[in-house]
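Welcome, and please take a moment to turn the model around before reading on. The tour below begins with a single residue and widens from there.

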Amino acid sequence: MSYAATHDQHDDHHGAPKGFFQRWCMSTNHKDIGTLYLVFALTMFFIGGSFAMLIRAELFKPGLQLMEPYFFNQLTTMHALVMIFGAIMPAFVGLGNWMIPLMVGAPDMALPRMNNLSFWILPFAFILLLSTLFLPGGGPSGGWTMYPPLSLQSDSLAYVVFAIHLMGISSIMGAINIIATILNMRAPGMDLLKMPVFVWSWLITAFLLIAVMPVLAGAVTMLLTDKYFGTNFFNPGGGGDPVLYQHIFWFFGHPEVYIMILPAFGIISEIVPTFARKPIFGYKAMVFAIACIAFLSFIVWAHHMFAVGLPLGAEIFFMYATMLISVPTGVKVFNWVATMWGGSMTFETPMLFAIAFIILFTIGGFSGLMLALVPADFQYHDTYFVVAHFHYVLVTGALFAIIGAAYYWLPKWTGNMYSEFWGKVHFWNSVIWVNVLFFPQHFLGLAGMPRRIPDYNVAFANFNMISSIGGFLFGATQLIFIGVLIHCVFFSKKKATDRVWEGAKGLEWTVPSPAPHHTFEVPPVIHDDELAHGHVND
Amino acid sequence: MQFPGQHDGAKVIKRNPRGYTMGQQHDAYFVPAKSYWPFVAAVVMFTTVFGAAHWLNAEPGESGFGKTVLTVGVIGVLAMFFGWFRSVIHESMGGNYNHQVDTSFRMGMMWFIFSEVMFFGAFFGALFYIRMFSVPWLGGHGHGTLTHQFLWSDYAASWGASAGNGPEHIGGAFSTVPAWGLPLLNTLILLTSSVTVTIAHHALRAGHRGKILLFLGLTVLLGATFLYFQAHEYMEAYKELNLTLHSGVYGSTFFLLTGFHGLHVTLGTIMLAVIWLRVLKGHFNKEHHFGFEAVAWYWHFVDVVWLGLFMFVYIL
């Protein structure tokens, strides 16, 4: 059947196919699939963001204002699941899809049909996940980490577990595709140590994904069998242990944290050299630092569990292993700064987001270092300090890098320049309000306000109100982003040049803007001079 | 978004209805044609899990809807696999796949097997943690003194028949499956099947079709025999040993580890049978037989997992 069907689909590879279903649902084109991923991530960003707005509205002042505590719990759980698995991760996969083949001189991803499946699983997985909000019993409410026994009380557990299975399958296939593309599809002369740092960061991230997504699948499968099939993995009465779940979950969870930040490191390592007009400082050190961070991510998981009652030896091991991560991370931060040092810098929107990333991610890194200290963590654990910490690394870290990347590559994708003025308006509003939103949460946490509660002591009222105001304005600011995107894609009159940015180097800037539907149909002849890292070994 | 289809420079492109090969060099890039199978796959996977979730949550007596959806989904998944692989086989037989595509497929399969290793790793990790930490702690060792004293002071921790179902003896008294009976036989069966599949591989490279069919057929039979014995062992466990899924954490780890392994053997046996049919139809030659090799790799993988199971679930 398919044989006959494919006969009719003479894919005119000189351009995109005309039919909507053919183009978007049957695609084997890395650019179209990348676009699908990015649009999906943006949609999920606003759905997850609307949950966050409701959370901040409820927390605007003490007392229960708008919702039942049970619904509040569903919101915090869903906000995290949607943002992590629906917004941040698919956005990075979309960027990888679009840029990796362009950066290594490949015509497409190595396994284009599997690429399409990786994407199309996601909308269905999120229909399944989000539908639980409308089912009797409501959505998952035990937090995104789904710790038993709490998560086992939820009626929606089966839906959530299967949604996570689907997302895991999607991520694993996407990661396999990226590894095969990078290892097998590079143009001749694109040596591994000449690849852009973004490609390196994705290679290592893909390895992490394949290594840990199956572990999450195993963990949630045990939840499923404990709830529905009478197993006792997490029931002490039967010889099990709820803490076992936490170990397995965080063996996934900590590498997952780096899955959400390593591609961001790659993006920043592309943007900063372009606008500093200097090659990146310490290319090899940057690559090895990413690899080091990835390795360490496998031996630090229990720092999420310091307060759960671990043996002392384990607490000390995980504390020191965690603190070791600041060494390769420090290498990266210093190298970005050194790249800018003495450069002839300009401050277009992508660069602004990159600089904000470096500063604000470092704040998130330092609060992470504080959390790594076992004795201090007993105070900080499950407070708003933790919330502030991971929002600094995920919002001003991962999300700012994604937004920066969107501004950076948008002219290459669309052939149009975005509005620099509105880009800057978006940036300054984002960077101000995100700090108003999250910085006071450090103080709330240090003062003892627990996370995941709809009501709080009146002593926390002022900072919560400030945080909520920052939250509403940060949320509203993102509507500017939508405006900038729509204007750039459909209305902008200002055409982009092929190189787009004066200081941009690398293969992706040698193809026309917008990038044609098919690029590098024959392997490009690579001149080391046009690569950002062509002379690493000289 | 608009991405006007432009084309930089005129290149001579070899058109092919099943995809296109870019450029004219021998080792040119190949990008497959559009296909609806990925989208169909996403739909049927969703149907399957939606049906399953609905069924699991249904009140007793009203499980019909979920079951129906689940059945439709599973049939859809099978049809999807059949259709998708059929089109890939057609393309492969059409000689579209060059060396680079072959390498991509190999990498894909290798990393898929690595992900499977990590999936089993989660369950082995659970087994080790339970045996080394949670059960001894419940018995008052090391770190668990207070839990033991206050909650279950009469619980003497050990693994296996006497206390493997925890301090509340969930599921009641049970016996374990002796390692040196059926499990040993199954170990020998799987090890033999790894040898026979390797002999078949060598025969394929030497071009001896009769020998391939014989040894690959033997491998399929050995896989099926393993599954028969495994099913027999489960029935014996339930009927005579009172070892069930509910037998505390011993039953949980025993049945989930051996069960997931059994599912993988089932899948592997089906894949081997498909490969046997493909050999019969003459799909492979001495150089091009990645389909065979991928299944052989998978078979060795389930074999190695079994060795881990035999060691840590049955013997120790």
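Let us begin in helix 12 of chain A, which covers residues 326–340 and holds Lys332(A). Please keep in mind throughout that this is a predicted model.

Is Lys332(A) buried or exposed? Lys332(A) counts as buried, because 25 other C-beta atoms lie within 10 Å and the cut-off for a buried residue is 20 or more. Which residues is Lys332(A) in contact with, once its neighbours within four places in sequence are left aside? They are Phe265(A), Met286(A) and Ala289(A). Met345(A) sits 13 residues from Lys332(A) in sequence, and the C-alpha atoms of the two are 19 Å apart in space.

**Chain A as a whole**

Now step back to see the whole of chain A. Its secondary structure consists of 17 helices and zero strands. The radius of gyration of chain A is 23 Å, close to the 24 Å that the globule rule gives for 538 residues, so chain A is as compact as a globular protein of that length. Measured out along its principal axes, the C-alpha trace of chain A spans about 65 × 60 × 45 Å.

Burial is a good thing to look at next. Of the 538 residues of chain A, 62% count as buried, and Lys332(A) is one of the buried residues. The contacts tell a story about sequence distance too: among those in chain A between residues at least 6 apart in sequence, 83% join residues at least 24 apart.

**Two helices side by side in chain A**

Helix 13 (residues 349–372) and helix 16 (residues 420–447) of chain A make a good pair to find on screen. Their axes come within 10 Å and cross at roughly 10 degrees. Helix 13 of chain A and helix 16 of chain A are therefore roughly parallel to each other, as angles under 35 degrees count as such.

Which residues meet here, between helix 13 and helix 16 of chain A? From helix 13 of chain A come Thr349(A), Leu352(A), Phe353(A), Ala356(A) and Ser367(A). Helix 16 of chain A offers Glu420(A), Gly423(A), Lys424(A), Phe427(A), Val431(A) and His442(A). Sorted by class, the residues of this contact are five nonpolar, four polar and two charged.

**Where chain A touches chain B**

Chain A has a partner in this model: 77 of its residues are in contact with 74 residues of chain B. Several helices of chain A each supply at least two residues to the side that touches chain B, among them helix 1 (2–8), helix 3 (30–58) and helix 7 (197–228). The largest share of that side, 11 residues, comes from helix 6 of chain A. By class, the side of chain A that touches chain B has 43 nonpolar, 27 polar and seven charged residues.

**A helix pair in chain B**

Chain B has a helix pair of its own to explore. The axes of helix 3 (residues 99–138) and helix 7 (residues 248–280) of chain B come within 10 Å and cross at roughly 155 degrees. That angle makes helix 3 of chain B roughly antiparallel to helix 7 of chain B, and the crossing is left-handed.

On the helix 3 side of chain B, the meeting residues are Phe123(B), Ala126(B), Leu127(B) and Ile130(B). They meet Val249(B), Thr253(B), Leu256(B), Leu257(B) and Phe260(B) in helix 7 of chain B. This contact has eight nonpolar, one polar and no charged residues.

**Backbone details worth a look**

Finally, zoom in on the backbone. Two residues with positive phi are set out here.

| Residue | Phi | Place | C-beta neighbours within 10 Å |
|---|---|---|---|
| Asp382(A) | near 55 degrees | loop between helix 14 and helix 15 of chain A | 14, partly exposed |
| Asn242(B) | about 55 degrees | loop between helix 6 and helix 7 of chain B | 16, partly exposed |

Neither Asp382(A) nor Asn242(B) is a glycine.

Chain A also has cis peptide bonds to look for. One joins Pro148(A) and Pro149(A), with omega about 0 degrees, and Pro149(A) is placed in the loop between helix 5 and helix 6 of chain A. Another runs from Ser513(A) to Pro514(A), with omega near -5 degrees. Pro514(A) belongs to the segment after helix 17 (461–491) of chain A.

Conventions
Residues are numbered from 1 along each chain as its sequence is written. Chains are lettered from A and ligands numbered from 1 in the order in which they are written. This is a predicted model: local features need pLDDT of at least 70, side-chain atom pairs count only at pLDDT 80 or more; totals for chains, interfaces and linings use all residues. Helices (H or I, at least four residues) and strands (E, at least two) are DSSP runs, numbered from the N terminus. The radius of gyration is taken over C-alpha atoms; the globule rule is 2.2 Å times the number of residues to the power 0.38. A residue is buried if 20 or more other C-beta atoms lie within 10 Å of its own, exposed if 12 or fewer, and partly exposed in between; C-beta atoms are placed from the backbone. Two residues are in contact if their C-beta atoms, placed from the backbone, lie within 7 Å. Ala, Val, Leu, Ile, Met, Phe, Trp, Tyr, Cys and Pro count as nonpolar, Asp, Glu, Lys and Arg as charged, and the others, Gly among them, as polar. Axes are lines fitted to C-alpha atoms, for helices over the stretch in contact, and angles run from 0 to 180 degrees between N-to-C directions. Angles under 35 degrees count as roughly parallel, over 145 as roughly antiparallel, 65 to 115 as roughly perpendicular and the rest as oblique. A crossing is left-handed if the near helix is turned anticlockwise from the far one by less than a right angle, and right-handed if clockwise.
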